[in-house]
Amino acid sequence: MDAKVNTPESRVDTLRVLLVGGSPEVCDAVFLKSLSAECDLIVAVDRGLDAVLGAGLPCDLFCGDADSVGARGLSAVRRCEERRPSEVSAVERYDPYKDFTDLALALRAISSRWGSVELVCTCLAGGRPDHALAALGCLLRWEGPVRLEEEGFSGRLLKAGMSWGMTGREGSTFSFVCLSPSGVVSERGMEWELDHRHVELLSDLGISNIVTADAEVVCHQGAIAAYLIR
């Protein structure tokens with residue numbers, strides 16, 4: 001099965017970073033390991049470090065104020081800061097009384113270290129709807145490709161000129177939501193197809209379609225969040 005995103009700046013040598021967020025609902029360790037196998041680096045955002053260490057994975061960069069990190073993760077952070085052997089290779093520790101979320105600061109840290117890499121994001125959607133919406137806002141400002149991976153769905157953030165091709169997904173539920181004041185979207189290979197259809201911010205037009213063949217969604221204008229529901 002294939003689910004490919006094409007962007008105007010697509011490059012075969014782009015680094016792929018697994019970004020593990022601090023959602024209260026932690027993903028399964030096996031699922032997290034499968035995502036890490038596709039990525040070059042792992043970045044944990046605050047509580048996300050517990051999920052990374054719980055899956056037996058190393059952490060290339062920890063970003064957060066550590067206010068929700070468990071005892072094991074906090075010990076690993078402190079050992080790294082003290083330059084002692086640790087499962088964490090680098091730390092960016094923030095003051096809890098800050099103006100930005102840990103995720104926003106983590107994205108800045110990733111950009112400063114590695115540029116506009118491809119992000120594979122997990123543990124961002126569960127437990128706190130306010131955080132989930134704010135996370136989408138942060139990720140929309142990212143210049144590189146963004147994948148959203150949770151145990152219940154795969155998703156992509158698509159901006160103007162980007163598309164997502166899906167093969168082997170017949171019978172799956174597909175939805176998209178416009179995240180810009182307006183957008184223009186096409187869909188093919190689905191029960192209800194669209195051809196350069198204008199959509200408004202948070203419109204329900206793209207909800208609960210059904211994939212019927214090799215499918216593709218194209219964002220011609222604006223920005224959308226697109227989801228394949230498992």
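**Exercise 1. The partners of strand β13**

Task: Determine which sense of pairing, and how many bridges, relate β11 and β13, and then work out how β9 and β10 are paired with β13.

Solution: In this predicted model, β11 and β13 are paired in the antiparallel sense, with six bridges between them. A residue pair that locates this register is M190, which stands opposite V211 in β13. The next step turns to strand β9 (residues 162-167), which pairs with strand β13 (residues 209-221) over five bridges, again in the antiparallel sense; here M162 has C219 of β13 as its bridge partner. The last step concerns strand β10 (residues 173-178), whose antiparallel pairing with β13 rests on two bridges, and in this case F174 has N209 of β13 as its bridge partner.

**Exercise 2. The hairpin of β11 and β12**

Task: Establish how many residues lie between β11 and β12 in their hairpin, and state which residue of β12 is the bridge partner of V184.

Solution: Begin with the strands themselves, since strand β11 (residues 182-190) and strand β12 (residues 194-200) run antiparallel and are joined by five bridges. The two strands form a hairpin, and three residues lie between them. Within this pairing, V184 has H198 of β12 as its bridge partner.

**Exercise 3. The packing of α4 and α5**

Task: Classify the arrangement of helices α4 and α5 from the angle at which their axes cross, and describe the residues that make the contact.

Solution: The axes of helix α4 (residues 102-114) and helix α5 (residues 129-140) come within 9 Å of each other and cross at roughly 20 degrees. Angles under 35 degrees count as roughly parallel, and α4 and α5 are therefore roughly parallel to each other. The handedness of the crossing of α4 and α5 is right-handed. On the side of α4 the contact is made by L103, A104 and L107, and on the side of α5 by A135, C138 and L139. Sorted by character, the residues of this contact comprise six nonpolar, no polar and no charged.

**Exercise 4. A salt bridge along the chain**

Task: Identify the residue with which E87 forms a salt bridge, and state where in the chain the two partners lie.

Solution: The structure holds 14 salt bridges, and one of them is formed by E87 with R72, where the closest N and O atoms are 3.9 Å apart. This pair links distant parts of the chain, 15 residues apart, with R72 in helix α3 (71-81) and E87 in the loop between α3 and β5 (91-93). Side chains of opposite charge can pair when their charged atoms come close.

Technical notes:
Residues numbered from 1 in each chain as written. Predicted model: local features only at pLDDT ≥ 70, side-chain atom pairs only at ≥ 80, totals over all residues. Heavy atoms only, no water. Axes fitted to C-alpha atoms, helices over the stretch in contact; angles between N-to-C directions. Helix = DSSP H or I, 4+ residues; strand = E, 2+ residues; numbered from the N terminus. Parallel < 35°, antiparallel > 145°, perpendicular 65-115°, else oblique. Left-handed = near helix turned anticlockwise from the far one by under 90°. Contact = heavy atoms within 4.5 Å. Nonpolar A, V, L, I, M, F, W, Y, C, P; charged D, E, K, R; others polar. Pairing = 2+ DSSP bridges. Salt bridge = Lys/Arg side-chain N within 4 Å of Asp/Glu carboxyl O.
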